[in-house]
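Here's a fold to look at together. Take a look at it first, and then we'll go through some questions.

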Amino acid sequence: MDTTQKSYRFCIEPDAPIATLEAALQVVRRLDIELRALRTTSTPYGMEVQMRLAAPEEDILTLCRMRLHNLIGILPIREMPTLVVNNSLRQAVT
């Protein structure tokens with residue numbers, strides 16, 4: 001089965017970062033999206049979050065982004081570019 005993958009990056013306000021992160025993960029779970037990677041970093045301005053998600057359709061990931069945007073405490077969400085690796089180049093190197 002083919003999946004669409006997107007990476008989102010956003011900051012969470014410092015008021016209640018763990019509770020806000022839990023709410024964000026609930027959005028992902030309720031939409032039945034596969035969480036492929038999650039990275040958090042503490043900053044003086046709150047928590048920076050990077051998550052890589054996969055779903056069978058791109059529309060589901062778009063809906064996820066819209067729902068995350070509506071959560072209180074989440075600042076603007078940026079979509080990170082996906083790196084594409086050319087398998088023929090990888091085989092030539094090894």
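Q: What makes us say that helix α2 lies across β1, β3 and β4?
A: Contact means heavy atoms within 4.5 Å, and α2 (residues 58-69) lies across those three strands, running at about 5 degrees to β1. Angles run from 0 to 180 degrees between N-to-C directions, with axes fitted to C-alpha atoms, for helices over the stretch in contact. The model is predicted, so local features need pLDDT of at least 70, side-chain atom pairs count only at 80 or more, and totals for chains, interfaces and linings use all residues. Residues are numbered from 1 along each chain as its sequence is written, and side-chain values use heavy atoms, leaving out hydrogens and water.

Q: Why are β1 and β3 called paired?
A: Two strands pair if DSSP finds at least two bridges between them. Strands β1 (residues 4-12) and β3 (residues 46-55) have nine bridges, in the antiparallel sense, so they count as paired. One such partnership links R9 to Q50 in β3.

Q: What makes β2 and β4 edge strands?
A: The open sheet has the order β2-β3-β1-β4. Strands β2 (34-43) and β4 (78-80) each pair on one side only.

Q: Which residues line the largest pocket?
A: They are S7, Y8, R9, A37, L38, R39, Q50, M51, R52 and M80. By class, five are nonpolar, two polar and three charged. The elements giving two or more residues to this lining are β1, β2 and β3.

Key:
Helix = DSSP H or I, 4+ residues; strand = E, 2+ residues; numbered from the N terminus. 1 Å grid on protein atoms, 1.4 Å probe; cavity = no way out; pocket = protein on both sides within 12 Å on 5 of 7 lines; lining within 4 Å. Nonpolar A, V, L, I, M, F, W, Y, C, P; charged D, E, K, R; others polar.
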